Amino acid sequence: MTMSSTGGRRKPPTIHDVAREAGVSRGTVSRVLNGGHYVSPSAAEAVDAAIRKTGYVVNRHARSLITGRSDSVGFLLTEPQERFFEDPNFNVLLRGCTQALAAHDVPLLLMLAGTDDERRRITRYITAGHVDGVLLVSSHSGDPVAEELRAAGVPLVACGKPIGLGSKVSYVAADDRDGARDMVRHLLALGRRRIGVVTGPLDTPGGVERLAGYREVLAEAGVEADERLVVSGDYSRASGEAGAERLLARAPDVDAVFVASDLMAQGVLTALQRAGRRVPEDVAVGGFDDSPAAVAASPELTTIRQPWDRISTEMVRVLLAQIGGEDPAAVILPTELVKRDST
């Protein structure tokens, strides 16, 4: 570092200091910082070593003026703020995306937009160019955010396939339908025949696909469909508790419940225990996600594991590729049945 002319305060190292330390031109350093194109491996290695030695930090504001990019990415959750703090899945996904972007030295901005006004403000902010792309979480059908961002040319990757947008938007998803099939097959293999379901919101891809998997397996097994065994929830614990109460009122002989999220399953367990039903002896309960809520439940939940680490890594990979000019892509990842004490 160099000393200022007005005192002992050190100036931060500049790109010129890096070039001098590496023995290369300023242009070579600039090319390394902007992706390493047309730079020899030896020169790139010398620049990297010089950056470490000098402690040089990229001036993102200055670089954005040159490149037209913000060098940041938005993590947009279109749910009420309290859901972010209640549902552990959002925090797991946020942490994974933050870590994946850190490997590329790209900061992540958390954006919460649970109301129409918030969504309008956030959409204006994004389309003004304040972020280079968006990781969209929990998109409901009829929610205009994904379509508006796509129409504005903003690189976008959704967690789960956005309903109604087909191949127009990149997405990364666990195989919700196959995971649901695995859970219902497991419950049937235990001898359960009156299997209820508490669905996720049916305007979300996970809600739709998990219900479809449940219905498909019952049909394959020749179990007569009974709509009294189907109740809807919104992925909150309270909706799971209310859903179980509705199930018990409609079908007192229910002997198993497939619940479309672990957090809702915690609520189901509460309602069953209050009604004097033993789990799993009287009613087996299976969740979905393998979130921290699964092991915090009593008894611990049999559930479907979503590969959250891979989901977050793939969302970041696909988004950065799209920012770099590649076409939209879709990635569907396998799930896994995890057996615990609730079945």
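**Sheet, loops and cavity of a predicted model**

Q: Over how many bridges do β5 and β6 pair in the parallel sense?
A: Helices (H or I, at least four residues) and strands (E, at least two) are DSSP runs, numbered from the N terminus, and two strands pair if DSSP finds at least two bridges between them. One of the bridges here has Leu136 with Ala158 of β6 as its partner. The number of bridges over which β5 and β6 pair, in the parallel sense, is 4.

Q: What pLDDT do local features need in this model?
A: Residues are numbered from 1 along each chain as its sequence is written, and side-chain values use heavy atoms, with hydrogens and water left out. The model is predicted: totals for chains, interfaces and linings use all residues, side-chain atom pairs count only at pLDDT 80 or more, and local features need a pLDDT of at least 70.

Q: Which residue of β7 stands opposite Ala158?
A: β6 and β7 run parallel and are joined by 3 bridges. Ala158 is also the bridge partner of Leu136. On the β7 side, the residue opposite Ala158 is Tyr171.

Q: Which residue in β13 stands opposite Val172?
A: Strand β7 covers residues 170-174 and pairs with β13 in the parallel sense over 4 bridges. Opposite Val172, in β13, stands Val331.

Q: What is the strand order of the open sheet of 6 strands?
A: Strands of a sheet pair through backbone hydrogen bonds, either parallel or antiparallel. In this open sheet the pairing is parallel, and the order of its 6 strands is β4-β3-β5-β6-β7-β13. Two strands, each pairing on one side only, form the edges: β4 (108-112) and β13 (330-333).

Q: At what angle does helix α14 run to β6?
A: Axes are lines fitted to C-alpha atoms, for helices over the stretch in contact, and angles run from 0 to 180 degrees between N-to-C directions. Helix α14 (residues 308-323) packs on the sheet and touches β3, β5, β6 (156-159), β7 and β13, where contact means heavy atoms within 4.5 Å. The direction of α14 makes with that of β6 an angle of about 160°.

Q: Is Glu314 buried or exposed?
A: Glu314 is found in helix α14. Leaving aside neighbours within four places in sequence, Glu314 is in contact with Val172 and Val331, and these two stand opposite each other in β7 and β13. Buried means under 20% relative accessible area, exposed over 50%, and partly exposed in between (1.4 Å probe, protein chains only). Because its relative accessibility is 17%, Glu314 counts as buried.

Q: At what angle does helix α7 run to β4?
A: Helix α7 covers residues 116-130. It lies across β3 (73-77), β4 and β5 (134-137), and its angle to β4 is about 155°.

Q: Which proline follows Ser298 through a cis peptide bond?
A: Most residues other than glycine have a negative phi, and most peptide bonds are trans. The bond from Val279 to Pro280 is cis, with omega near 10°, and Pro280 lies in the loop between α12 (262-274) and β11 (284-286). With omega near 0°, the bond from Ser298 is also cis. It leads into a residue in the loop between α13 (292-296) and β12 (303-305), namely Pro299.

Q: What is the relative accessible area of Tyr235?
A: Tyr235 is in the loop between β9 (230-232) and α11 (237-250). Phi of Tyr235 is positive, about 75°, although the residue is not a glycine. Tyr235 is buried, because its relative accessible area is 14%.

Q: What is the volume of the largest cavity?
A: On a 1 Å grid over the protein atoms alone, a cavity is a set of points where a 1.4 Å probe fits but cannot get out, and lining residues have an atom within 4 Å of a point. Grid points are joined across faces, edges and corners, and a volume is the space filled by probe spheres set on the points. The whole structure has 2 cavities of 30 Å³ or more. The largest has a volume of about 370 Å³.

Q: Which of the 25 lining residues are closest to the centre of the largest cavity?
A: α6 (88-102), β7, α10 (205-220) and α14 each supply at least two residues of the lining. The closest to the centre are Cys159, Arg210, Tyr235, Gln306 and Trp308.

Technical notes. 1 Å grid on protein atoms, 1.4 Å probe; cavity = no way out; pocket = protein on both sides within 12 Å on 5 of 7 lines; lining within 4 Å.
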